[in-house]
Amino acid sequence: LPQLTPGDQLLADALTARGAAVSAVTWSSPVDWDRFTAIVVRSTWDYFLRRAEFTGWLDELERHSAPIWNPVRTLRWNHDKRYLRELEIAGVPVVPTVWVARGSGAELRGIADAATWNDVVVKPAISASAHDTWRTTDPGNAEDAARFKAQSAAGDLLVQLYLPAIERTGEWSLVFIEGRFTHAVRKLPRAGDFRVQAQHGGTAVSESPPSQLV
């Protein structure tokens, strides 16, 4: 978006109040990045549709002198959901996941049977806002098998065990600043869905999380 989101505007207002001159530019615009004294990457929500262009832009940022408040190394790591695999290897609990490499020829029914799952979620490794994310309670049906085959031919995928708690209690986002918990948001799907994003009818509310989460 060429304009700021409401959340980004809060940051811009706070910086302006402290004497900073704030310019909102889209990451894909032809911009002389050296004219800025600092760069803060915010809502680049089309990155997953333009991956090569986006990663090329990250390379460009590294070549310029302006300090980037979001480390480019972290942006590269975080734009692909395979970071979850690294967290899992490091001992961080994640949703049970089977990783499917592009063009592997794996079949959804075989994956679900091997994991003894009947209710699964399929999502691209590079995606946002639940784009091309779907659920099936019958991994062996022909329609879902064909959809999975086409998707896995186009890119890496995750097949995850569906967690019913998403529908009952939602999904928590916890915010930590300098290692200290500051606040949390609970995201809830609309009735009959599992996706918590606003584009799919989900809602988000500020709440205090259960003590075991923080």
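**Salt bridges, a one-sided helix and an open sheet**

Reader: Does E62 count as buried, partly exposed or exposed?

Author: This is a predicted model. The relative accessibility of E62 is 47%. Exposed would need over 50%, and buried under 20%. So E62 counts as partly exposed.

Reader: Which side chain meets that of E62 in a salt bridge?

Author: The N to O distance is 2.9 Å. E62 lies in helix 2 and its partner in helix 3, so the pair ties together parts 14 residues apart in sequence. The partner is partly exposed, at 28% relative accessibility. It is R76.

Reader: How many salt bridges does a search of the whole structure find?

Author: Side chains of opposite charge can pair when their charged atoms come close. The E62 and R76 pair is one case. R190 with D193 is another. The search of the whole structure gives 14.

Reader: Which residue forms a salt bridge with D80?

Author: The closest N and O atoms are 3.9 Å apart. The pair links distant parts of the chain, 29 residues apart: D80 is in the loop between helix 3 (72-78) and helix 4 (83-89), and the partner is in helix 2 (residues 51-63). The partner is R51.

Reader: Is D80 buried or exposed?

Author: Its partner R51 has a relative accessible area of 37% and is partly exposed. D80 has a relative accessible area of 6%. The cut-off for burial is under 20%. So D80 is buried.

Reader: Which residues are linked with R51 and D80 in a network of salt bridges?

Author: R51 and D80 form a salt bridge. They also belong to a network of salt bridges. The other residues linked in the network are R82 and D156.

Reader: What is the relative accessible area of D193?

Author: D193 forms a salt bridge with R190, with the closest N and O atoms 3.7 Å apart. R190 is partly exposed, at 46%. D193 is buried, with a relative accessible area of 7%.

Reader: Why are the buried residues on the same side of helix 5?

Author: Helix 5 spans residues 108-115, and its buried residues are L108, I111, A112 and A115. They sit on the same side because of the arc they cover around the axis. That arc is only 95°.

Reader: What covers the buried residues of helix 5?

Author: The buried residues are L108, I111, A112 and A115. Their cover includes both strands and a helix. Among the covering elements are strand 1 (97-100), strand 2 (120-124), strand 3 (134-136), strand 4 (157-161) and helix 6 (142-154).

Reader: Is T133 buried or exposed?

Author: T133 is in the loop between strand 2 and strand 3. Beyond four places in sequence, it touches V121, V122, K123, P124, F194 and R195. Its relative accessible area is 11%. Burial means under 20%, so T133 is buried.

Reader: Which are the edge strands of the open sheet?

Author: The sheet has three strands in the order 5-6-7, with antiparallel pairing. The twist averages 25° from one strand to the next. An edge strand here pairs on one side only. The edges are strand 5 (171-177) and strand 7 (203-206).

Reader: How many bridges join strand 5 to strand 6?

Author: The two strands run antiparallel. They form a hairpin with two residues between them, and E178 in the turn has a positive phi of about 55°. One bridge pairs S173 with V185. The number of bridges joining strand 5 to strand 6 is seven.

Reader: Which residue in strand 7 does L188 stand opposite?

Author: Strand 6 (residues 180-188) and strand 7 pair over four bridges, in the antiparallel sense. K187 stands opposite A204. L188 stands opposite T203.

How values were computed: Residues numbered from 1 in each chain as written. Predicted model: local features only at pLDDT ≥ 70, side-chain atom pairs only at ≥ 80, totals over all residues. Heavy atoms only, no water. Buried < 20%, exposed > 50% of the residue type's maximum accessible area, 1.4 Å probe, protein only. Arc of directions from axis to C-beta. Contact = heavy atoms within 4.5 Å. Pairing = 2+ DSSP bridges. Axes fitted to C-alpha atoms, helices over the stretch in contact; angles between N-to-C directions. Salt bridge = Lys/Arg side-chain N within 4 Å of Asp/Glu carboxyl O.
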